[in-house]
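Visitor: I'd like to learn how to read a model like this one, feature by feature. Could you walk me through it?

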Amino acid sequence: MGSVVTQGCQVVVAAIRSHRNDAHTVRYCGPEKIDSMHKVTLEVEGETQMLNLAEKLKGGGIVHKLWIE
């Protein structure tokens, strides 16, 4: 379980760092939102589904970070 949490932390840091100047990221990490950040967790069964989801997000204009370890 610890390794999964570690990977989650790594991708969060990478995503925020990669998009630190994006208006959505700035708002999301702002002091008025820091205690009420909204998250969405999606489940995929394997790399193929994950890559398909990444393509759907990209097609919908949703900025995201794809993390494969």
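**Reading the model**

Guide: Let's start with one residue: Gln-7 is found in helix α1. Keep in mind that this is a predicted model.

Visitor: Is Gln-7 buried, partly exposed or exposed?

Guide: For burial, look at the relative accessible area; the middle class runs from 20% to 50%. Gln-7 has 30%, so it's partly exposed.

Visitor: Which residues is Gln-7 in contact with, leaving aside its neighbours within four places in sequence?

Guide: Here you look for heavy atoms within 4.5 Å. With those neighbours set aside, Gln-7 touches Trp-67 and Glu-69. There's a C-alpha distance to go with that: Gln-7 and Ile-68 are 61 residues apart along the chain, yet their C-alpha atoms are separated by 9.2 Å.

Visitor: And what about a pair with a shorter stretch of chain in between?

Guide: Try Asp-22 and Glu-45, which are 23 residues apart along the chain and have 30 Å between their C-alpha atoms. Asp-22 sits in the loop between α1 and α2. Its relative accessibility is 29%, so Asp-22 counts as partly exposed.

Visitor: Let's zoom out. How many helices and strands are there in the protein chain?

Guide: You'll find three helices and zero strands, so reading along the sequence gives α-α-α. The C-alpha trace spans about 35 × 35 × 20 Å along its principal axes.

Visitor: What share of the residues counts as buried?

Guide: That's 9% of the 69 residues. As for the accessible surface, it comes to about 5,900 Å², with 58% of that belonging to carbon and sulfur atoms. On the contact side, take those with a separation of 6 or more: residues 24 or more positions apart account for 33% of them.

Visitor: Can we look at a buried residue, then? Where does Thr-25 lie?

Guide: Thr-25 is in helix α2. The cut-off for buried is under 20% relative accessible area, and Thr-25 has 14%, so it qualifies.

Visitor: What is Thr-25 in contact with, beyond its neighbours within four places in sequence?

Guide: Its partners there are Ile-16, His-19 and Arg-20.

Visitor: On to cysteines. How many disulfides does the count come to?

Guide: The general idea is that a disulfide is a covalent bond between the sulfur atoms of two cysteines. In a model, you check for a pair of cysteine sulfur atoms within 2.5 Å. Here the count comes to zero.

Visitor: Why is Cys-9 without a bond to Cys-29?

Guide: The closest cysteine sulfur to that of Cys-9 is in Cys-29, and because it is 14 Å away, it's too far for a bond. Cys-29 is likewise in no disulfide. Both cysteines have an accessibility value to read too: Cys-9 is partly exposed at 47%, and Cys-29 counts as partly exposed at 28%.

Visitor: Last one: pockets. What volume does the largest pocket have?

Guide: About 1,600 Å³. When reading a pocket, go on from volume to lining. This one is lined by 35 residues, and Ala-15, Val-40, Val-63, His-64 and Lys-65 lie nearest its centre.

Visitor: Which helix gives the most to that lining?

Guide: It's α1, with six residues. Each of α1 (2-18), α2 (23-28) and α3 (47-59) supplies at least two.

Visitor: And what is the lining like by class?

Guide: It splits into 18 nonpolar, ten polar and seven charged residues.

Definitions and conventions. Residues are numbered from 1 along each chain as its sequence is written. This is a predicted model: local features need pLDDT of at least 70, side-chain atom pairs count only at pLDDT 80 or more; totals for chains, interfaces and linings use all residues. Side-chain values use heavy atoms; hydrogens and water are left out. On a 1 Å grid over the protein atoms alone, a cavity is a set of points where a 1.4 Å probe fits but cannot get out, and a pocket is an open set with protein on both sides within 12 Å along at least five of seven lines; lining residues have an atom within 4 Å of a point. Grid points are joined across faces, edges and corners, and a volume is the space filled by probe spheres set on the points. Helices (H or I, at least four residues) and strands (E, at least two) are DSSP runs, numbered from the N terminus. Ala, Val, Leu, Ile, Met, Phe, Trp, Tyr, Cys and Pro count as nonpolar, Asp, Glu, Lys and Arg as charged, and the others, Gly among them, as polar. Buried means under 20% relative accessible area, exposed over 50%, partly exposed in between (1.4 Å probe, protein chains only). Accessible areas come from the Shrake-Rupley method with a 1.4 Å probe; for residues, only the protein chains shown count as cover.
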